[in-house]
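Biologist: Could you take one part of this model and go through it closely, in a single connected account? I would like to know what surrounds the bound molecule and where it lies relative to the rest of the chain.

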Amino acid sequence: MSNDKVLRIAIQKSGRLYEDSVQLLKECGIDLRNVKDRLKTVSENFPLEVFFLRDDDIPEYVCDGVADIGIVGQNVLVEKGSAVRTVEELGFGKCRLSIGIPRNMEYNGTASLQGLRIATSYPNLVQQFLDKHSIKASIHEISGSVEIAPGIGLADVIVDLVSSGGTLFMNGLKEAETILDSQAVLIANKSLDKEQLEILDKLVFRMSAVKKAKKNKYILLNAPNDRLNDIIALLPGMRSPSVLPLAESGWSSVHCVLNENEFWERIEQLRAAGAEGILVIPIQKMIL
Ligand code: ATP
Ligand code: ZN
């Protein structure tokens, strides 16, 4: 790899994706100094230059080659329809784009939207959704505070991002249907050269290791030797669990990696099978 080639990444300047994006780069071992109040910064230990932008602009900048790669929500990416490559789902910035309707309105599926006025900041996404279901409705594009539109008579229903539903509730609305599940993704320009692709590969390799590590925990436990086989049978392993004898005879220490999805269930089964002194340790990186 040549020394002077740098990959340019666009991330959100401030907002809901900012912290997680910077954190992810840091966890990938990429030093970023003076990120506050900067438009761009260069890493001193990895060939990466970071641009801080409004999230709405990121797909276009990456598409146009102003930046080589970017981190942006799928909601924004699909709405903009920019011709970029999605490289990796990043597992943060999770939210859903949903239809919000007045709490007293009856909803019998998408047909209930026929002829209504829909307020949204996502006109393209909503139009695609309506077309797919052969519904005719009028879309009113507004850029912020979409949830107040029904209350002030601007629209009948809304389509907006929802995480807990609290904002909808406070505005007399309820969630009727999700039209897109979204999370942050890493996107790339479609015509990166060989050197840029090599840097991207390195970055993606590190991101995958960080992401896998977050989904797993390292478990240490003590097992009576006469229950060892039952306990080992409960454990998945990257190969198989490690088993070490303890100083106290008749006991072993068992080490393994557990996935967050099955974590609590397994812990309960392990206790029931006679495991004691269970320690759960976060994993920083996982390279398989
Ligand atoms: P910008 O100033 O960059 O345009 P913004 O106000 O458009 O920022 P934010 O509210 O910071 O955007 O949200 C950025 C992204 O975070 C959203 O596009 C979405 O992908 C994601 N997100 C995650 N959870 C939520 C949520 N509960 N509400 C809104 N967006 C969320
Ligand atoms: Zn935005």
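Modeller: A polar contact here is a pair of N or O atoms within 3.5 Å. The model is a predicted one, and in it a polar side-chain atom of arginine 54 lies 2.9 Å from an oxygen atom of ligand 1, which means that this pair falls within the cut-off of 3.5 Å. Two other side chains make comparable approaches to the ligand: glutamine 12 places a polar side-chain atom 2.8 Å from an oxygen atom of ligand 1, and aspartate 55 likewise has a polar side-chain atom 2.8 Å from an oxygen atom of ligand 1. On its own, ligand 1 has 630 Å² of accessible area, of which the protein covers 76%.

Around ligand 1 there are 16 residues, and those that come nearest are Arg16, Asp55, Asp56, Asn75 and Ser163. By character, the shell is made up of four nonpolar, seven polar and five charged residues, and the site that holds ligand 1 is the largest pocket.

As for the wider setting, the chain is divided into domain 1 (7-93 + 183-213), domain 2 (95-182) and domain 3 (216-282). Ligand 1 lies between domain 1 and domain 2, because both of them give residues to the shell around it. The C-alpha centres of domain 1 and domain 2 lie 30 Å apart, while eight residues of domain 1 are in contact with 11 residues of domain 2.

Note on methods: Residues are numbered from 1 along each chain as its sequence is written. Chains are lettered from A and ligands numbered from 1 in the order in which they are written. This is a predicted model: local features need pLDDT of at least 70, side-chain atom pairs count only at pLDDT 80 or more; totals for chains, interfaces and linings use all residues. Side-chain values use heavy atoms; hydrogens and water are left out. A residue is near a molecule or strand if one of its heavy atoms lies within 4 Å of it. A polar contact is a pair of N or O atoms within 3.5 Å; within protein, one must be able to donate a hydrogen and the other to accept it, and residues adjacent in sequence count only if both atoms are side-chain atoms. Accessible areas come from the Shrake-Rupley method with a 1.4 Å probe; for residues, only the protein chains shown count as cover. On a 1 Å grid over the protein atoms alone, a cavity is a set of points where a 1.4 Å probe fits but cannot get out, and a pocket is an open set with protein on both sides within 12 Å along at least five of seven lines; lining residues have an atom within 4 Å of a point. A molecule sits in a cavity or pocket if more than half of its atoms lie within 2 Å of its grid points. Ala, Val, Leu, Ile, Met, Phe, Trp, Tyr, Cys and Pro count as nonpolar, Asp, Glu, Lys and Arg as charged, and the others, Gly among them, as polar. Domain bounds come from an automatic or database domain assignment. Contact means heavy atoms within 4.5 Å.
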